[in-house]
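Here's a quick tour for anyone meeting this structure for the first time. Have a look at the sequence and the model, then read on.

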Amino acid sequence: MTILFETERLVVRELEVDDLDDFYAITGDAELSKYMGDRQPLSREITQKWIDISINNYRTKGYGCSAVIAKDDGAFIGFCGLVYSDNIRPPVEAELIYALLKRCWGRGLATEVAGAMLTYGFEKCGLKRIMATIDPENTASARVVTKAGMTFYKNEVYEDGETTDFYVITDGSSQFDL
């Protein structure tokens, strides 16, 4: 097990093959998925591929999607990570992603882990610019990334009418110019 960092209440570690059931409890949940990707829950097979890709990303990029573990009981309660996605446009190097089980909402855990992940990205991975894409209807997530230090950058409307809000943060050495 590779621990990336700890916060007051959480341990964040690399995803492992044995995490499939716990990870799928999040990625396969329709309510948790409504603001992620295409808004559809993932299959177990796609969730397994996501774990495999994350394991490879840690080897090749030094960062990826990670497991979020509660310190008090050792439970797998969510994921958080820095990933490369199709939404990224240079000069952004990674996108912050996260989701927690519903029972963990409203306790400040998302802000705690998101802020720590941003610090990890800058200090341990050497990233210069990180973004988050947030559905404009997901006001709770917008609050999380803002509290974690990110700034609203722009809203983008796509051809299909879907919209995404972009939030950004830098290591302080550069500006965003997407």
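Let's start with tryptophan 50, which is partly exposed because its relative accessible area is 21%, and buried would mean under 20%. Keep in mind that this is a predicted model. From tryptophan 50 we'll move through the rings, the sheet, the helices and a couple of single residues.

**Aromatic rings**

- The model has six aromatic pairs.
- In one of them, phenylalanine 23 and tryptophan 50 sit 5.0 Å apart, centre to centre, with 55 degrees between their planes, which makes the pair tilted.
- That pair ties together distant parts of the chain: phenylalanine 23 belongs to helix H1 (residues 20-27) and tryptophan 50 to helix H3, with their positions 27 residues apart in the numbering.
- Phenylalanine 23 has a relative accessible area of 0%, so it counts as buried.
- The rings of phenylalanine 23 and phenylalanine 79 have centres 5.5 Å apart and planes at 85 degrees, so this pair is edge-to-face.
- This pair also links distant parts of the chain, since phenylalanine 79 is in strand E4 while phenylalanine 23 is in helix H1, 56 residues apart.
- Phenylalanine 79 is buried, just as phenylalanine 23 is.
- Put the ring pairs together and you get a cluster of Phe23, Trp50, Phe76 and Phe79.
- Elsewhere, lysine 154 lies over the face of phenylalanine 166, at 5.5 Å from the ring centre.

**The sheet**

- Eight strands make up an open sheet with mixed pairing, and their order is E1-E2-E3-E4-E5-E6-E8-E7.
- Which strands are at the edges? They are strand E1 (3-6) and strand E7 (151-157), each pairing on one side only.
- On average, neighbouring strands are turned by 25 degrees against each other, with direction ignored.
- As a bit of background, strands in a sheet pair through backbone hydrogen bonds, in either a parallel or an antiparallel way.
- Strand E3 (residues 65-70) and strand E4 (residues 76-83) are antiparallel partners, joined by five bridges.
- Within that pairing, serine 66 has cysteine 80 of E4 as its bridge partner.

**Helices packed on the sheet**

- Helix H3 (residues 44-60) packs on the sheet and touches E1, strand E2 (10-14), E3, E4 and strand E5 (94-100).
- The direction of helix H3 makes about 105 degrees with that of E3.
- Helix H4 (residues 109-123) packs on the sheet too, touching E1, E2, E3, E4, E5, strand E6 (129-134) and strand E8 (163-170).
- The direction of helix H4 makes about 35 degrees with that of E4.

**Strands E5 to E8**

- E5 and E6 run parallel and pair over two bridges, with isoleucine 130 in E6 as the bridge partner of alanine 94.
- E6 is largely enclosed by the rest of the structure, because five of its six residues are buried.
- E6 and E8 are antiparallel and joined by six bridges, and isoleucine 130 stands opposite isoleucine 169 in E8.
- E8 is largely enclosed as well, because six of its eight residues are buried.
- E7 and E8 pair in the antiparallel sense over six bridges.
- In that pairing, valine 157 has threonine 163 of E8 as its bridge partner, and glutamate 156 stands opposite threonine 164 in E8.
- The hairpin of E7 and E8 has five residues between the strands, and glycine 161 there takes a positive phi near 90 degrees.

**Two residues to look up**

- Serine 33 is in helix H2 (residues 30-33).
- Is serine 33 buried or exposed? At 2% relative accessibility, it counts as buried.
- The side chain of serine 33 reaches the backbone oxygen of threonine 27 at 3.2 Å.
- Beyond its neighbours within four places in sequence, serine 33 is in contact with Ile26, Thr27, Arg39, Gln40 and Pro41.
- Threonine 7 is in the loop between E1 and E2, and its relative accessible area of 12% makes it buried.
- Not counting residues up to four places away in sequence, threonine 7 touches Lys71, Glu112 and Ala116.
- Threonine 7 and alanine 132 are 125 residues apart in sequence, and their C-alpha atoms are 21 Å apart in space.

How values were computed. Residues are numbered from 1 along each chain as its sequence is written. This is a predicted model: local features need pLDDT of at least 70, side-chain atom pairs count only at pLDDT 80 or more; totals for chains, interfaces and linings use all residues. Side-chain values use heavy atoms; hydrogens and water are left out. Helices (H or I, at least four residues) and strands (E, at least two) are DSSP runs, numbered from the N terminus. Buried means under 20% relative accessible area, exposed over 50%, partly exposed in between (1.4 Å probe, protein chains only). A polar contact is a pair of N or O atoms within 3.5 Å; within protein, one must be able to donate a hydrogen and the other to accept it, and residues adjacent in sequence count only if both atoms are side-chain atoms. Contact means heavy atoms within 4.5 Å. Two strands pair if DSSP finds at least two bridges between them. Axes are lines fitted to C-alpha atoms, for helices over the stretch in contact, and angles run from 0 to 180 degrees between N-to-C directions. Rings of Phe, Tyr and Trp (its six-membered ring) pair if their centres lie within 6.5 Å; planes under 30 degrees apart count as stacked, over 60 as edge-to-face and the rest as tilted. A charge sits over a ring if NZ of Lys or CZ of Arg is within 6 Å of the ring centre and within 35 degrees of the ring normal.
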